[in-house]
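Me: I am new to this structure and would like a close look at a single part of it. Please choose one region and explain in plain terms how it is built and what it touches.

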Amino acid sequence: METLKKQGVPAAAGRKEESQPKSRVAPSVSSSKQGGVNLAGLGKVKEMLGSASKQELQVISSKWPEVMNKIKGESVPASAWASDSKPVAATGDSVLLAFQNEMHRNMVDSKFRSLVESAIETISGKPMTLITILMGQWEKVKEDYMRSQLSSQTEDEAGTEPIVDEAIKLVGSDLIEIVESE
């Protein structure tokens, strides 16, 4: 007993001593990444937004609880990793999922992508490609996209005149011929 008091009890094999501080290795961030989306993926997101529709998003969003239940039925760990995601944009063939946590996003991207895509296809009835993004990056991309749409809309409107617009509304563009005078 005296020997144990002096030398202490050896730690069991395979167990770490709790008194030692745990070292954390900071995740490496490559220069090709920008806020959770690699630059090629960011282009894909912007391209997707051009054809995304509110109706498609509403369909996917309304079925999202069913998708999550399907994922949970297939793999509880996949369900846990996907739990902090939500669909933020959709087209006829793709879904943009925004994640709060980068680790969750990376796990779904690397290990559970096919399972999530399969669950979406089963529930929606059509194959869908999964695109992932972090929520903070999504907010920035969405804001940039809306700003560019607004500026292009104001550029289009700047070249027209209110009288011409009203005439087009009343009789239709096929009956109106616009002649520029100098």
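Reply: What follows describes helix α5 and helix α6, and then the residues around them.

The model is predicted, so local features are reported only at pLDDT of at least 70 and side-chain atom pairs only at pLDDT 80 or more, while totals for chains, interfaces and linings use all residues. Residues are numbered from 1 along each chain as its sequence is written, and side-chain values use heavy atoms, with hydrogens and water left out.

Helix α5 covers residues 102–110. Helices here are DSSP runs of H or I with at least four residues, strands are runs of E with at least two, and both are numbered from the N terminus. At the N-terminal end of α5, N101 acts as a cap: one of its side-chain oxygens lies 2.7 Å from the backbone nitrogen of M103. The buried residues of the helix are H104, R105, M107 and V108. Buried stands for under 20% relative accessible area, exposed for over 50%, and partly exposed for what is in between, using a 1.4 Å probe and protein chains only. Viewed down the axis of α5, these buried residues fall within an arc of 165°, so they line one face of the helix. The arc is taken from the directions that run from the helix axis to the C-beta atoms. M103 and S110 are exposed on the other side of α5.

Charged side chains come next. Side chains of opposite charge can pair when their charged atoms come close. In α5, R105 and D109 form a salt bridge, with their closest N and O atoms 3.6 Å apart. A salt bridge is counted when a side-chain nitrogen of Lys or Arg is within 4 Å of a carboxyl oxygen of Asp or Glu. R105 and D109 are four residues apart in helix α5, so about one helical turn separates them. R105 counts as buried because its relative accessibility is 6%. D109, at 24%, counts as partly exposed. The pair also belongs to a network of salt bridges that links R105, D109, R113 and E117. The structure holds nine salt bridges.

T132, in strand β5, contacts both R105 and D109. Its side chain makes a polar contact of 3.3 Å with the side chain of R105, and a polar contact of 2.8 Å joins it to the side chain of D109. A polar contact is a pair of N or O atoms within 3.5 Å; within protein, one must be able to donate a hydrogen and the other to accept it, and residues adjacent in sequence count only if both atoms are side-chain atoms. T132 is buried, with a relative accessible area of 6%.

Helix α6 spans residues 113–124, which makes twelve residues. From its first C-alpha to its last it reaches 16 Å, close to the 16 Å expected at 1.5 Å a residue; the expected span is 1.5 Å times one less than the number of residues. Its buried residues include V116, A119, I120 and S124. Seen down the axis of α6, the buried residues fall within an arc of 115°, so they line one face of this helix. They pack against α3 (54–74), β4 (94–99), α5 and β5 (129–134). S114, also in α6, is exposed, with a relative accessible area of 57%. Just after the helix, G125 takes a positive phi of about 85°.

Two residues of α6, V116 and I120, are among those with the most contacts inside the largest nonpolar core, together with I60, W64, I71 and L97. This core has 20 residues. A nonpolar core is a set of buried Ala, Val, Leu, Ile, Met, Phe, Trp, Tyr and Cys residues joined through side-chain atoms within 4.5 Å. The elements that give it two or more residues are α3, α4, β4, α5, α6 and β5. Its largest share, five residues, comes from α3.

I71 shows some of these contacts in detail. Setting aside neighbours within four places in sequence, I71 is in contact with A78, S79, L115, V116 and A119, where contact means heavy atoms within 4.5 Å. A78 lies in helix α4 (residues 76–82) and is buried, with a relative accessible area of 0%. Beyond four places in sequence, A78 touches I71, F112 and L115. A78 and V108 are 30 residues apart in sequence, but their C-alpha atoms are 7.1 Å apart in space.
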